[in-house]
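Please open the model in your viewer and keep the selection tool at hand. The tour below proceeds one selection at a time.

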Amino acid sequence: MTAFAKFMSGAALGLALSVTGLPGYAETPANMLVIANRIDDITTLDPAESFEFAGSDVSRNIYGKLINFDPLNLDAGYQPDLAESWDVSEDGRTITFTMRDGVKFHSGNPVTAEDAEFSLRRAVILNKTPAFILTQFGFSPENVEQTIRAEGNKLIITTDKRYATSFVLNCLTATIGGIVDKKLVMENEVDGDLGNTWLKTNAAGSGAYSLVSWKPNESVTLKSNPDFYLGAPAMERVIVRHILESATQRLLLERGDIDIARNLNPEDVAGVLEEDGIKISAELKGRLMYASLGQQNPDLAKPQVRQAIKYLIDYEGMQDSFLKGQYTIHQNFLPLTYLGSVEENPFSLNVEKAKALLAEAGVDGLELTAGVREAQERLEIAQSLQNTFAQAGIKLNLTVGTGKQILGMYRARELDVYIGAWGPDYPDPQTNAGTFAYNPDNSKEAGLTGLLAWRNSWDTAGLTEKVDAAVIENDREKRAQMYHEIQAEFRETSPFAIMFQKIEQSALRDNVTNFSTGQAITAASYWQVTK
Amino acid sequence: MSLAEQNTKERRPALLPRWLKRPAYMLGSIAITMLGLLFVTFLIGRVMPIDPVLSIVGERASPETYQKVFEDLGLDKPLLVQFGYYLWDVLHGDFGVSLLTAHPVSEDIGRVFPATLELATLGTLMGVLLGVPLGVIAAVRRDSWIDQIARVVALVGYSMPIFWLGLMGLLVFYGILGWVGGPGRVGIFYADVVPPVTGMILIDSILDGNWEVFRDALSHIVLPASLLGYYSLAYISRMTRSFMLEQLSAEYITTARVKGMSERAVIWRHAFRNIRVQLITVIALSYANLLEGSVLTEIIFAWPGIGSYITNALLSADMSAVLGGTVVIGLIFIILNVGSDLLYRFLDPRAK
Amino acid sequence: MSDTQTGLREWLLTDTPHSRLQARLSALYHGWLSFRSNSLAMFGLSILVFLLLMAAFAPLIAPHDPFTQDLGNRLKPLGTESHLLGTDSLGRDILSRLIYGSRITLYIVTLVALIAPLAGLLVGTIAGYAGGWIDVALMRITDIFLAFPRLVLALAFVAALGAGIENAVLAISLTAWPPYARIARAETLTIRNSDFISAVRLQGAGPVRIITKHIWPLCISSLIVRVTLDMAGIILAAAGLGFLGLGAQPPSPEWGAMISEGRRFILDHWWVATVPGLAIFTVSLAFNLLGDGLRDVLDPKDSK
C-alpha cells in the first residue's frame with residue numbers, strides 16, 4: 001500500500017505542477033487573428049453550394065468575385081474586384097465584364113475570363129441550394145453555353161429579360177459569385193461532379209487568404225496570400241474557432257486567448273465592457289426576427305386578428321431586456337440600409353386595442369400552436385409572446401424542436417404561428433420582397449416552399465405584381481419609391497409581424513482595428529484588419 | 001450481471017466440435033447484436049420527423065434541387081432496400097459521407113473518437129486509482145468515519161448533475177482562478193502543432209517530444225477528466241467496498257487471521273486478490289459507459305468527441321454519421337463485455 | 001395511549017408470531033428499525049417527504065405565479081425583496097418556479113419507476129421461464145438495447161416523437177428497462193427449477209399463472225432496491241434531456257430546462273443556473289441515500 005500511496009502522491013504532484021505552471025494572461029501573436037465564432041453551420045466550402053453564415057465568411061476571404069464590397073467602405077456599394085470594369089448593353093440584358101490583368105490564384109494559375117465563365121456556369125449546372133440567385137435571371141444548364149461566355153479577357157452574361165442592373169450585380173456579390181480555379185478544380189473532378197466533392201473540403205481561390213484546414217465543428221484556419229492583388233494582408237494567419245457558448249467566448253476573450261468574440265449575449269457584452277482592454281463594435285445586420293400567421297387557419301385569416309396580433313407584441317420590453325443591444329425594433333421587410341428601406345414602426349404593445357379588434361372580428365378564446373427553433377433568444381421571444389397574447393385571451397402553445405424539424409412543419413403549412421428569423425441572400429431589396437410579398441400561386445399543390453408568403457398560405461393581395469414591377473425598374477429613386485409603397489401596405493395587411501432587425505455585437509481586444517462583419521450586405525472580411 | 005447471466009446459460013445439443021462451439025456462438029451473437037443495433041438506428045433515422053434532404057439543401061432550394069438530392073440519397077426506394085444498400089456499403093468498409101461535415105464518416109470518427117478515448121481513459125484511470133483504494137479502506141474500516149466519508153463522496157458523485165458541475169468547474173477553475181485550460185482540447189496556438197499519430201494529443205505530444213503541447217493539452221483535459229473520474233470513482237469505490245466486505249466475512253479470511261497472518265497480508269494478498277476479477281468487470285463497464293461519449297460533458301467543454309458528434313448528427317438527421325458512430329460505440333461496448341468475460345474465465349479458477 | 005404503543009411494539013417484535021400477518025409486519029418493523037438507525041438514509045427520506053409536501057402544496061407555498069413575467073425586473077440577485085432566490089431572464093420568480101418544478105420531477109420519476117421495471121420484469125420472466133428460442137430472441141433484443149449509447153437512444157427517441165415530458169419519460173424508460181430484464185431473468189432461472197414451482201405445475205397451473213402469481217412476487221424485492229438506486233439516475237437523465245431542450249417545454253419550470261436557460265448568464269448571474277442545479281443535486285442525493293439505506297436493509301449480502 002505504501003508503494004501505491006507513493007505512486008499516487010507522485011501522480012498528484014506531477015498533475016499539480018503541470019497545471020499551475022500556466023500563465024495567467026496570454027496574448028495572441030501580433031500577426032495572427034484568433035476569432036471565436038459558431039461555425040457548426042458550415043457543411044461545405046464550395047462557393048456553388050455554400051449558403052450559411054459562417055461558410056460565407058470563409059468564402060469571402062478565400063474567393064475573389066467579379067465585383068465585391070470594400071470592407072472599409074461598405075456604403076459605397078459594389079466595386080470592381082476580379083473584373084476591372086463592366087458595360088451594360090442598350091437593352092439592359094447583356095453585361096460585359098473586363099477582367100483584371102495579372103491576378104493569380106493561390107495555385108499560381110492566372111485568373112482569366114475562362115475561369116469566371118467556368119465558375120458561373122458550374123454554379124448553374126450543379127444547381128445546388130443557392131443556385132436560384134443566378135437562375136432567377138433565366139440561366140439554366142441548357143442555355144449557359146450562350147448566356148454565360150468568355151471572349152478573350154471579357155466575360156459576357158445575358159439575362160432573359162431586362163432587370164435593374166444593380167439587382168444583377170448585387171447578386172454576383174453573393175457567395176455563389178466566387179471565382180474558382182478551373183484548372184485545379186477540373187484536375188480534381190470525380191464522376192463529372194465538376195469538382196464539387198473536392199471543393200466541399202478544399203479551396204481554389206484567388207482571395208486574400210488560402211485555406212489551411214477546415215475541421216468541422218472545430219476550426220477553420222486561413223493563411224495569408226502574399227500575392228493578393230491589393231497587397232498582402234497584415235494578419236498572416238487567421239484562426240476561427242468554434243465556440244458554442246457565449247460565456248466561454250467571453251472567458252477566452254478576457255483571458256486574451258482570442259482577439260474577437262462574435263457571439264456574446266447581451267449580459268456578457270455588458271460584462272466584458274467592464275473589463276479593460278476590450279471594446280465592442282456593433283453593426284446592423286440584415287437578419288429580421290418575425291412572427292407569421294398561417295392563413296390556413298380561418299381565424300388568423302381575418303384582417304382584424306392579424307392587426308390585433310401586431311398590437312400584442314411587447315416590442316419595447318423585449319428590445320430593452322433580453323435582446324438589449326442586439327436587436328432593434330423594425331417592422332418592415334426590408335432591413336435598414338437596403339435600397340427602399342423605411343423606418344416607420346407604428347405598432348407597440350396595446351392590449352386594449354387588440355381586444356377591441358378581436359371582438360370586432362368575433363374571435364374569442366383562440367388557441368394557437370407556434371413553432372419555435374430550439375435557440376435561447378427565440379424561446380424567450382416566444383415566451384414573451386405567449387405572455388402578452390394571453391392578456392388578450394389568446395392561448396399560445398409552443399412546439400419547440402431543432403431548426404430542421406420546425407422548418408419542416410413550416411414548409412408543410414402545419415403551423416398557426418411561426419416565430420423565427422430571415423436573412424437576405426444577396427444585398428438587393430428583391431431578396432426579401434421576393435419572398436415576403438411574392439406568391440404567384442397560393443395553391444397547396446404549387447409547393448412554393450421557398451416563399452415565406454406561400455408557407456403562410458398568403459396570396460399577398462396583389463403585392464406579387466408590384467414586386468414583379470419593382471424588380472425591373474432601372475431608375476433607382478423610382479424603384480425605392482415602389483418598395484416604400486409595397487411595405488406600407490404590407491405592414492398593415494400582411495400576416496407577418498416583423499419585429500426586430502439584428503445588430504451584431506462583436507467584442508474585440510483593444511488592439512484590433514478595422515474588423516468588419518460585413519454589415520447587412522456581405523460577410524466578414526479579415527484582410528483589412530490590423531492590430 | 002452479464003456474467004451471472006452468461007454462467008447460467010443452458011447446455012445446448014452439440015452442433016459443432018466442442019472447441020469451436022464457444023467462439024462460434026460468441027461471434028454469432030455479436031453479429032446478430034450488431035445487425036439489430038444497425039437496424040434499430042436505421043429505423044430511428046427514417047421515423048424521425050426531420051427531412052434529411054432539407055438538411056442538405058437548406059430552406060431556400062428550388063423544388064428541382066430538392067428532388068435531385070432526394071433521389072441521390074435513395075429515399076425513393078423501399079426501406080428494406082435502403083437498409084440493404086447501407087449494409088452492403090458498411091461491409092465494404094464504406095460508412096458513407098456525413099452531411100454535416102462533408103467528410104467521410106470513417107474519417108470523422110477517426111478524428112472524434114480518439115478525443116473521447118483520451119478523455120474516457122484518463123477519467124477511468126483516475127476513478128480506478130482513487131476509487132479502488134478508497135473502496136478497500138472503507139470496507140476494512142467498516143462504519144468508521146472514513147467509511148462514512150467514502151460513502152458520502154460516492155453518493156454525492158452519483159447525485160451530481162454532471163453538466164451543472166462542469167459549468168461550475170469551468171467557471172471557478174478556468175474563469176476565476178485560471179488554474180486550468182479552457183474548453184477544447186488544446187489552446188489555439190497549440191492546435192495542429194504535433195503530427196497526429198494516435199489522435200490522442202497527450203500521447204502524440206509525447207511521441208513528438210513536444211512538452212509544451214503536452215502541458216497545454218493536460219491543462220485542458222484535467223477538468224473534464226476529473227469530472228468523469230469522479231463519476232467513475234463513485235461507482236468503482238462502492239463496488240470495491242461491497243466486494244471486499246463479502247470476502248472479508250468469508251471463512252478463509254478468519255482462518256488466515258487465526259493463523260497469525262498480518263492484517264496487510266490478509267487484506268491485499270488474500271481478500272483483494274480474490275476480488276480482482278469482479279473488479280475488472282466493473283471497471284470495464286464503467287469504462288464502456290464513459291466511452292459511450294459523455295455527451296453533456298463534451299458539450300460543456302467543447303470537447304470534439306464522439307458523443308457530441310452523434311448528437312449533432314442526430315439532430316440534423318445526418319444518419320450516415322449517426323449509424324457510423326453507433327456501430328463504433330456498440331462494437332466497443334460488446335468488445336469490452338466479451339473481453340472482460342473472457343478475462344473472467346481465464347483468471348477465475350471457479351469459472352473453468 | 002402509551003400502553004397500546006408498547007403493546008403494539010411488543011406484538012411486532014415478538015419472536016413467536018401467531019399469524020402470517022404478524023410475521024410479515026414484524027419483519028417490516030425490524031427492517032424499519034434498522035433503517036431508522038441509519039441517519040443518512042433517514043436524512044434522505046426526510047428530504048423526499050419534504051419534496052412531496054412541497055409538490056402537493058405548491059400553490060400555497062409559492063410566493064408568486066411561476067409563469068408571470070416582468071421584463072423590467074429580470075435577473076434580480078438572491079435575497080431581493082419578495083424574490084428570495086432572485087428572478088430569471090424573463091423576470092419570473094425562481095423560488096416559485098423551483099417549487100412548481102418539483103411536481104414535474106416527481107411526475108417523471110414516478111412514471112419511469114413504474115414503466116421501466118414492469119417492462120423489464122415482463123421481458124425477463126418470460127425469457128427466463130420460456131427458455132429456448134424465445135429466451136435467445138428476447139435476450140438478443142435486450143443486448144441490442146444495452147449496447148446502444150443510452151443518451152443517444154433517448155435523444156433519438158425524443159427527436160423522433162417530438163420533445164415533451166411524456167416522450168422524455170418514454171425515452172428514459174426505453175433505455176432503463178434492459179438491466180431489469182436481466183435481473184428478472186436471472187431470478188426466474190433460479191426459481192424456475194425449484195421444487196415448489198414443480199409442485200405448482202403438477203397441480204395444473206398454466207405458465208401465465210405461474211409467472212404472475214409465483215415468479216413475479218419473488219422478483220419484486222430485488223427490483224425495488226434497484227429502482228430506488230436508479231431514481232437518481234432517472235432524475236439526472238430527465239434533467240439532461242431538459243438541459244438539451246428535449247424534455248419539458250417552455251414555459252414549464254422543469255429544473256434541467258431552468259439550468260439550460262440560466263447557463264447563459266453563468267458569469268454575472270450565476271444563481272439562475274446554480275439554484276436549480278442544487279435542487280436536482282439535493283433530490284437525487286436524497287434518493288441515493290434512501291436507496292443505499294434500503295439496500296442495507298433488504299439485501300442481506302451487504303449487511304452482516
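Begin by selecting A:Y209 together with A:S224, a residue of strand β9 of chain A that is its bridge partner. This is a predicted model, in which local features need pLDDT of at least 70 and side-chain atom pairs count only at pLDDT 80 or more, while totals for chains, interfaces and linings use all residues. Residues are numbered from 1 along each chain as its sequence is written, and chains are lettered from A and ligands numbered from 1 in the order in which they are written.

**The strands around β9 of chain A**

Extend the selection to β8 (residues 209-215) and β9 (residues 219-224) of chain A, which run antiparallel and are joined by six bridges. Strands are DSSP runs of E with at least two residues, helices are runs of H or I with at least four, and both are numbered from the N terminus. Two strands pair if DSSP finds at least two bridges between them. β8(A) and β9(A) form a hairpin with three residues between them. In the turn, select A:N217, whose phi is positive, at about 60 degrees.

Next add β10 (residues 237-242) of chain A, which pairs with β9(A) in the antiparallel sense over five bridges. Within this pairing, A:T221 has A:I239 of β10(A) as its bridge partner. In a regular strand the side chains alternate between the two faces of the sheet.

**Chain A as a whole**

Now select the whole of chain A, whose secondary structure comes to 19 helices and 17 strands. Its C-alpha atoms fill a box of roughly 80 × 75 × 40 Å along the principal axes. How does the radius of gyration of chain A stand beside that of a compact globule? The chain has 25 Å, which agrees with the value near 24 Å for a compact globule of 531 residues. This radius is taken over C-alpha atoms, and the globule rule is 2.2 Å times the number of residues to the power 0.38.

Of the 531 residues in chain A, 54% are buried. A residue is buried if 20 or more other C-beta atoms, placed from the backbone, lie within 10 Å of its own, exposed if 12 or fewer do, and partly exposed in between. Among the contacts in chain A with a separation of 6 or more, 69% involve residues 24 or more positions apart. Here a contact requires that the C-beta atoms of two residues, placed from the backbone, lie within 7 Å.

**Chain B and its domains**

Select chain B, which has 15 helices and zero strands. Its C-alpha trace spans about 85 × 65 × 40 Å along the principal axes, and 49% of its 352 residues count as buried.

Colour domain 1 (34-92) and domain 2 (105-351) of chain B separately; these bounds come from an automatic or database domain assignment. The centres of the two domains, taken over C-alpha atoms, are 36 Å apart. Eleven residues of domain 1 are in contact with ten residues of domain 2. On the domain 1 side, α2 (18-47) and α3 (52-57) of chain B give two or more residues each, and α2(B) gives the most, with six.

**Where chain B meets its partners**

Show chains A and B together: 44 residues of chain B are in contact with 45 residues of chain A. On the chain B side, α10(B) gives the most, with four residues. That side divides into 24 nonpolar, 13 polar and seven charged residues. Ala, Val, Leu, Ile, Met, Phe, Trp, Tyr, Cys and Pro count as nonpolar, Asp, Glu, Lys and Arg as charged, and the others, Gly among them, as polar.

Zoom in on B:A61, in the loop between α3 and α4 (63-72) of chain B. Is B:A61 buried or exposed? B:A61 is buried, because 24 other C-beta atoms lie within 10 Å. Leaving aside neighbours within four places in sequence, B:A61 is in contact with A:T129 and B:Y66.

Then show chain C, where 42 residues are in contact with 43 residues of chain B. α2(B) gives the most to the chain B side, with eight residues.

**Two spans of chain C**

Finally, select residues 104-131 and 151-177 of chain C, which are among those listed by UniProt, in an unreviewed entry, as "transmembrane region". UniProt positions are given in the numbering used here, feature names are shortened, and annotations may be inferred rather than shown by experiment. Residues 104-131 are 96% helix and 0% strand, with end C-alpha atoms 40 Å apart. Residues 151-177 are 89% helix and 0% strand, with end C-alpha atoms 14 Å apart.
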